[in-house]
Amino acid sequence: MCGIVGYIGHRNASLVVLSSLKRLEYRGYDSAGIVVNCDGNLLSWKKAGKISALESIVDCHSLNEARVAIGHTRWATHGAPTDENAHPHSDCTGELYIIHNGIIENYKDLKEVLLKRGHTFKSETDTEVVVHLVEEYHKELPLLDAVLHALSHVEGSYAIVLMSKKEPERLIAARKGSPMILGIGDGEMVIASDASAIVDYTRNVVYLEDGEIIEVKRDGYKVYDHKKNGIAKNISLIDWDIESISKHGFDHFMLKEIFEQPDTIQNAFRGRVIYDEARVKLDGLKLQDEDIEKIERIIFIACGTSWHAALVAEYLLEEYARIPVEVEYASEFRYRKPVLKKGDLVITISQSGETADTLAALREAKSKGVRVLGITNVVGSTIARESDGGVYIYAGPEIGVASTKAFTSQITVIVLLTLFFARRKEMSFVEGKVILDDLLRLPDLAKRVLDKNEEIKTIARVYCESRNFLYLGRGLNFPVALEGALKLKEISYIHAEGYPAAEMKHGPIALIDANMPVVFIATKDEIYSKVISNMEEVRARSGRIIAIATEGDLTIHNYADHVIYIPETHKALVPILSVIPLQLLSYHIAVLRGCNVDQPRNLAKSVTVE
Ligand code: G6P
């Protein structure tokens with residue numbers, strides 16, 4: 001989703017902003033733009049398409065003296081992705097420029113008023129009204145007051161940065177509902193949507209909260225609330241460096257992240273296992289024994305891949321901890337009237353910790369007095385900060401838009417969460433130990449799945465021209481089927497559906513013919529024989545079968561055209577292994593089709609608008 005960058009300091013500001021925008025490319029965008037203050041003149045360039053297109057029209061060397069700039073990657077919501085609609089947007093005088101991430105919901109009403117007052121608009125965006133509104137108030141008021149007044153009329157969400165020709169020595173930024181952080185360097189400041197755009201310059205950051213506005217100079221900053229009261233902020237340290245957002249010799253971030261999984265799985269459980277007691281400790285949950293006793297139901301709320309992880313949580317927590325679980329799409333939860341009761345615990349799952357719908361659902365649940373926990377990856381993200389407690393998955397920055405390592409880390413944490421509750425309830429020491437034994441071996445087993453990479457590439461070559469795919473699994477492998485189908489759709493643009501295997505007979509079976517590859521996740525468990533029956537049904541209709549099976553299962557060759565084996569592990573851990581071949585299959589198919597794997601069309605890594 002849109003990325004914002006503002007720089008003020010001692011370097012060539014155009015170079016800083018363009019390279020920081022590249023760091024934000026992974027968020028997803030369709031156009032980009034920049035405005036630079038050079039010798040008191042504001043020079044702006046905007047271009048539909050990739051940042052490389054923008055770079056080709058900005059002569060950064062001639063801007064060597066520019067010390068202040070703002071730039072933006074736009075993911076279109078209001079108005080097509082054209083040069084004109086790209087940010088920054090200026091007021092009528094060309095003296096004020098703004099970049100914005102979010103949606104101004106009442107922009108039509110505001111635009112009407114501004115048009116009547118003689119303002120002229122150059123774009124179809126919702127954003128442009130904000131800069132004209134500031135212009136209007138700035139006729140009478142100093143800039144900061146003008147911005148505060150303008151924002152008091154704005155409904156919706158925003159992270160904005162504003163630059164003024166008359167006041168070249170400062171930037172003004174504000175946030176409500178969209179992420180924004182300030183990086184504090186030595187004689188330089190970077191404002192950005194996330195830390196990846198900042199770590200090249202500093203690891204000291206201030207997280208802006210909703211409703212805060214900030215004045216930024218090269219050697220200092222001031223944060224205010226909406227009434228212009230000063231706010232003291234803590235400086236936090238980003239605990240990862242630039243190395244962790246490099247490709248390390250892999251062709252794509254997605255492949256690198258798939259191959260990181262043995263380490264990221266380990267990071268998710270490191271330091272949290274009390275092996276001798278067959279227990280786990282998750283202090284960040286901030287749950288005391290008496291709180292745990294009162295929990296009658298857990299409601300998981302998430303979007304996308306994180307929602308699939310939540311489905312795994314439903315299976316695990318109900319089976320092992322015997323706690324009733326519900327799984328909600330954040331976007332649905334926030335707009336219906338969910339019944340929340342005393343005894344409910346809400347847990348959001350979000351890699352980015354910034355997904356707008358998940359954040360809104362969290363706030364909705366909190367406003368009803370329910371305790372809300374968060375399972376997030378990005379330390380210091382809004383969801384992490386606003387939750388009553390939570391667990392970080394510690395997967396490190398995930399740059400590929402299609403989530404891979406975050407999913408397996410989320411499930412690893414969900415396994416820990418299951419043990420956390422289950423061992424306080426019915427789960428025996430012995431059963432806990434059996435799961436933990438296998439959990440500790442899991443990073444090595446994940447490596448063995450990754451060893452199948454070439455084999456999976458060969459299968460990808462056979463099916464890369466297919467137009468449809470079906471993914472089937474039962475029990476814990478049903479969410480894996482959904483995730484496998486989502487991965488394929490996201491990056492290869494092939495239509496794919498995930499289904500519980502037995503539901504196939506209620507519809508999808510009509511689609512099956514010799515051109516339909518069907519991926520079965522058919523690992524050995526108590527419903528294995530049922531899955532085999534479903535495979536027979538597909539074979540009887542000439543469907544082509546790719547099976548993910550447990551090592552040692554030779555009979556599966558009687559049913560499947562291709563078999564990818566994964567090592568045997570405890571049932572509760574199978575999804576962590578069974579999803580890896582599906583990630584690799586999607587990756588290779590997408591590469592063979594010439595797709596942009598890391599930045600698939602129309603998708604955003606972090607969906608910060610609803
Ligand atoms: C977007 C991303 C997905 C992600 C989903 C939820 O759609 O492209 O990969 O699963 O958002 O994101 P979150 O950060 O909340 O897990």
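## Exercises on a predicted model

A polar side-chain atom of T355 lies 2.4 Å from an oxygen atom of the ligand. The model is predicted, so please read the distances and angles below as computed values. Let's start at the ligand.

**Exercise 1.** Find which residues come nearest to the ligand, and work out where a polar backbone atom of V401 and one of A604 lie relative to an oxygen atom of the ligand.

*Solution.*
- Step 1: Start with the surroundings. There are 14 residues around the ligand, and the nearest are S306, S350, Q351, S352 and T355.
- Step 2: Take T355 from that group; its contact uses a polar side-chain atom, 2.4 Å from a ligand oxygen.
- Step 3: Now turn to the backbone. A polar backbone atom of A604 is 2.8 Å from an oxygen atom of the ligand, and for V401 the corresponding distance is 3.2 Å.
- Step 4: Compare with the cut-off for a polar contact, a pair of N or O atoms within 3.5 Å.

**Exercise 2.** Determine how helices α3 and α4 are oriented to each other, and which residues join them.

*Solution.*
- Step 1: Locate the helices: α3 covers residues 107–116 and α4 covers residues 128–138.
- Step 2: Read the geometry. Their axes come within 10 Å and cross at roughly 45°.
- Step 3: Classify the angle. Angles under 35 degrees would be roughly parallel and 65 to 115 roughly perpendicular; α3 and α4 are therefore oblique to each other.
- Step 4: Add the hand: the crossing of α3 with α4 is left-handed.
- Step 5: List the partners. From α3 come Y107, L110, K111 and L114, which meet V129, H132, L133 and E136 of α4. By class, this contact holds 5 nonpolar, 1 polar and 2 charged residues.

**Exercise 3.** Helix α16 packs with α18 and also with α9. Decide for each pair whether the helices are roughly parallel or roughly antiparallel.

*Solution.*
- Step 1: Take α16 (residues 477–492) and α18 (residues 574–592). Their axes come within 9 Å and cross at roughly 20°.
- Step 2: An angle under 35 degrees counts as roughly parallel, and α16 and α18 are therefore roughly parallel to each other. Their crossing is right-handed.
- Step 3: Look at this contact. Among its residues are V480, L488 and I491 of α16 and V579, L582 and I589 of α18. By class the contact divides into 10 nonpolar, 5 polar and 2 charged residues.
- Step 4: Move to α9 (residues 304–321), which packs with α16 at about 170°, the axes being 9 Å apart. That makes α9 roughly antiparallel to α16.
- Step 5: In α9, G304, T305, W307, H308, L311, V312 and Y315 meet F478, P479, L482, E483, L486 and K487 in α16. These residues divide into 8 nonpolar, 3 polar and 2 charged.

**Exercise 4.** Inspect the backbone at P88 and D39, and place each residue in its loop.

*Solution.*
- Step 1: Check omega from H87 to P88. The value is near 0°, and the peptide bond is cis.
- Step 2: Place P88: the loop between β4 (68–74) and β5 (89–90) holds this proline.
- Step 3: Check phi of D39. This angle is near 55°, positive in a residue other than glycine.
- Step 4: Place D39: this residue lies in the loop between β2 (31–38) and β3 (41–48).

Note on methods:
Residues are numbered from 1 along each chain as its sequence is written. This is a predicted model: local features need pLDDT of at least 70, side-chain atom pairs count only at pLDDT 80 or more; totals for chains, interfaces and linings use all residues. Side-chain values use heavy atoms; hydrogens and water are left out. Axes are lines fitted to C-alpha atoms, for helices over the stretch in contact, and angles run from 0 to 180 degrees between N-to-C directions. Helices (H or I, at least four residues) and strands (E, at least two) are DSSP runs, numbered from the N terminus. Angles under 35 degrees count as roughly parallel, over 145 as roughly antiparallel, 65 to 115 as roughly perpendicular and the rest as oblique. A crossing is left-handed if the near helix is turned anticlockwise from the far one by less than a right angle, and right-handed if clockwise. Contact means heavy atoms within 4.5 Å. Ala, Val, Leu, Ile, Met, Phe, Trp, Tyr, Cys and Pro count as nonpolar, Asp, Glu, Lys and Arg as charged, and the others, Gly among them, as polar. A residue is near a molecule or strand if one of its heavy atoms lies within 4 Å of it. A polar contact is a pair of N or O atoms within 3.5 Å; within protein, one must be able to donate a hydrogen and the other to accept it, and residues adjacent in sequence count only if both atoms are side-chain atoms.
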